[in-house]
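Here is a short, friendly briefing to read alongside the model. Take a look at the fold first, then follow the bullets by topic.

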Amino acid sequence: MEGEKVKLLIISYYFPPFKRVGCRRWAKQAKFLCKKDVDFKVLAGRYYGDSPWSSDIEEFENKIERVELVTPKIPYHKRVIPASLISKLRWRVSKKYWKLRNNLKYGNHNDVSEPSVKSFKRATFSIIEKYKVNFGWIVITRL
């Protein structure tokens, strides 16, 4: 292993051009790794637009692979204020189902990245196969 370059795969749901602070940490880390001549790839969600940190990723834009994100389904009781008797009944059923589901499954059920996990797994294996590389470290972030 001595003398070999370190290889790193960063998997991050949030990455510029995401507009909020969640992407900043990994953009700065990747910029630092680029300056230190570390061989790395970034697998991130595809966001459109511009962010304050877009300039940080310009020098290593070719090392970023993007995944189309799946929009999470918002349950009825979180998106509707019931007005009629039927909608109140539907709202209660939705809330009971949500609680039952949360009790039966592990993890954070409010996690917006959950629907995109399969896409990220497929893309990760694709990157490893495409570059025929055994990455020394894989950093996975979920905020």
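Two strands pair if DSSP finds at least two bridges between them. Helices (H or I, at least four residues) and strands (E, at least two) are DSSP runs, numbered from the N terminus. This is a predicted model, in which local features need pLDDT of at least 70, side-chain atom pairs count only at pLDDT 80 or more, and totals for chains, interfaces and linings use all residues. Residues are numbered from 1 along each chain as its sequence is written, and side-chain values use heavy atoms, leaving out hydrogens and water.

**Strands and crossover**
- S1 and S2 run parallel and are joined by 6 bridges.
- Leu9 has Lys41 in S2 as its bridge partner.
- From S1 the chain passes through H1 to S2, a right-handed β-α-β crossover (clockwise from the first strand over the helix to the second, with the strands pointing away from the viewer).
- In S1, 5 of the 6 residues are buried (under 20% relative accessible area, 1.4 Å probe, protein chains only).

**Nonpolar cores**
- The largest nonpolar core (buried Ala, Val, Leu, Ile, Met, Phe, Trp, Tyr and Cys residues joined through side-chain atoms within 4.5 Å) has 14 residues, and those with the most contacts inside it include Ile10, Phe40 and Phe60.
- Strand S1 (7-12), helix H1 (24-35) and strand S2 (39-45) each give two or more residues to this core, and H1 gives the most, with 4 residues.
- A second, separate core of 13 residues includes Leu43 and Trp53.

**Confidence**
- Mean pLDDT (the predictor's confidence in each residue, from 0 to 100) is 83 for the chain.
- Confidence is lowest in strand S4 (residues 137-141), at a mean of 63, and highest in strand S3 (residues 64-67), at 91.

Terms used: Buried < 20%, exposed > 50% of the residue type's maximum accessible area, 1.4 Å probe, protein only.
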